[in-house]
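Below is a colleague's note on the model, set out as numbered points. Please read it with the structure open.

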Amino acid sequence: MSKGTERRIARFSVTERTIHWMAAICFLYAALTGLALWSHKLYWLAWVLGGGSTVRGLHPWGGTFFALVLGFMFRQWASQMGLDSEDKAWLRHAYRYATNEEEGLPEVARFNGGQKMLFWLQSGSTLVLLASGLVLWWPELMPRTLLLAAVLIHPLAAIASIGGIILHIYMGTAAVPGAFRGMIHGWVSPGWAASHHPKWYRAK
Ligand code: HEM
């Protein structure tokens, strides 16, 4: 079948993709400016991103925008991200997915257990980042113990979040060919849908 006549299975709507890519842009900006402020070894990032005071001034705004967009992402996907017993069984055997031996794994619907875990990791870590970030934004208004807690918690939550997104980018680009097209153009091939999300494909 030629490319032009390839059957298309709708995967993500325009709204879903717009929210996703806005979250990705805000996340990258907040993460890179945050890393520049965190370690002097990464301060060169500040020069790339407009200088020290620009980065210091805009990092909290980047983080706030990211949290806001993630709120929209939460509203659009939370009802589809609940983990059922099949997702839990899938997660227990996720190493088989990682080694491409998917036989015997429970069939996946629209999102697999790993994708659902990423969603909850990002939702939780974003809440923690926002709360601790607000404390760090107005240090003069905060009690000392709260400020110390925020100094510790903010980078830990950022590391968890950045680690999760590095894995997510790898899965969405290199590890699962065809997934990126779904998030760019909104559709996937029937073969991709049947092999990665068979339960969802059959319900279409
Ligand atoms: C910056 C580079 C990013 C790339 C290349 C990327 C890529 C993708 C792709 C290809 C999908 C579709 C997967 C599928 O159809 O099964 C997806 C879905 C998703 N993305 Fe991203 N993404 C990025 C950043 C982010 C960020 C920053 C967040 C949120 C913090 C995020 C959250 C999600 C969620 C919750 C889903 C749905 C569940 C999943 O597939 O994991 N993404 N992404």
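1. The bend at a residue is taken here as the angle between two axes, one fitted to the seven residues ending there and one to the seven starting there. By that reckoning, the predicted model has a kink of about 35° at L58 in α3, shortly before the proline P60.

2. For orientation, the secondary structure comes to 10 helices and two strands. Read along the sequence, the order is β-α-α-α-α-α-α-α-α-β-α-α. The C-alpha atoms fill a box of roughly 60 × 40 × 30 Å along the principal axes. Of the 204 residues, 21% count as buried. Among contacts between residues at least 6 apart in sequence, 65% join residues at least 24 apart.

3. Helix α3 covers residues 52-77, which makes 26 residues. What end-to-end distance should such a helix have at 1.5 Å a residue? The expected span is 38 Å, and the end C-alpha atoms are 36 Å apart, so the two agree. This is the helix that has the kink at L58.

4. The buried residues of α3 are V55, H59, G62, G63, F66, V69 and L70. They pack against α1 (14-38), α2 (44-48) and α6 (113-137). An α-helix has 3.6 residues a turn, so residues three or four places apart point the same way. The list for α3 can be read with that in mind, for instance V55, H59 and G62.

5. P60 also belongs to α3. Is P60 buried, exposed or in between? P60 has 17 other C-beta atoms within 10 Å, so it is partly exposed; the cut-offs are 20 or more for buried and 12 or fewer for exposed. Leaving out residues up to four places away in sequence, P60 touches G133 and W137. G133 is itself among the buried residues of α6. By contrast, P60 and G82 are 22 residues apart in sequence and 31 Å apart in space, C-alpha to C-alpha.

6. Helix α1 has 25 residues and reaches 35 Å from its first C-alpha to its last, close to the 36 Å expected at 1.5 Å a residue. Its buried residues are I19, A23, C26, F27, A30, A31, T33, G34, L35 and A36. The elements covering them include α2, α3 and α7.

7. Helix α6 also has 25 residues, and its 35 Å from first to last C-alpha is close to the expected 36 Å. Buried in α6 are G113, K116, F119, Q122, S125, T126, L129, S132 and G133. Note that K116, a lysine, is in this list. These residues pack against α3, α4 (85-92), α5 (94-98) and α7.

8. The loop between α5 and α6 holds E107. With 14 other C-beta atoms within 10 Å, E107 is partly exposed. Its contacts, not counting residues up to four places away in sequence, are P198 and K199. The C-alpha atoms of E107 and F74 are separated by 24 Å, with their positions 33 residues apart along the chain.

9. The domain assignment gives domain 1 (12-80) and domain 2 (82-204). Their C-alpha centres lie 16 Å apart. How many residues of domain 1 are in contact with domain 2? There are 16, and they meet 17 residues of domain 2. On the domain 1 side, the elements that give two or more residues are α1 and α3. The largest share, seven residues, comes from α1. By class, this side has 10 nonpolar, five polar and one charged residues.

10. Which residues come nearest to the ligand? Of the 20 residues around the ligand, they are A24, F27, Q115, G172 and M183. The elements that give two or more residues to this shell are α1, α6, α7 (144-175) and α8 (179-185). The shell has 12 nonpolar, seven polar and one charged residues. Each of the two domains supplies at least three residues to it. F27 thus appears twice in this note: it is listed among the buried residues of α1, and it is one of the residues that come nearest to the ligand.

Methods. Residues are numbered from 1 along each chain as its sequence is written. This is a predicted model: local features need pLDDT of at least 70, side-chain atom pairs count only at pLDDT 80 or more; totals for chains, interfaces and linings use all residues. Helices (H or I, at least four residues) and strands (E, at least two) are DSSP runs, numbered from the N terminus. The expected span of a helix is 1.5 Å times one less than its number of residues. Two residues are in contact if their C-beta atoms, placed from the backbone, lie within 7 Å. A residue is near a molecule or strand if its C-beta atom, placed from the backbone, lies within 6 Å of it. Ala, Val, Leu, Ile, Met, Phe, Trp, Tyr, Cys and Pro count as nonpolar, Asp, Glu, Lys and Arg as charged, and the others, Gly among them, as polar. Domain bounds come from an automatic or database domain assignment.
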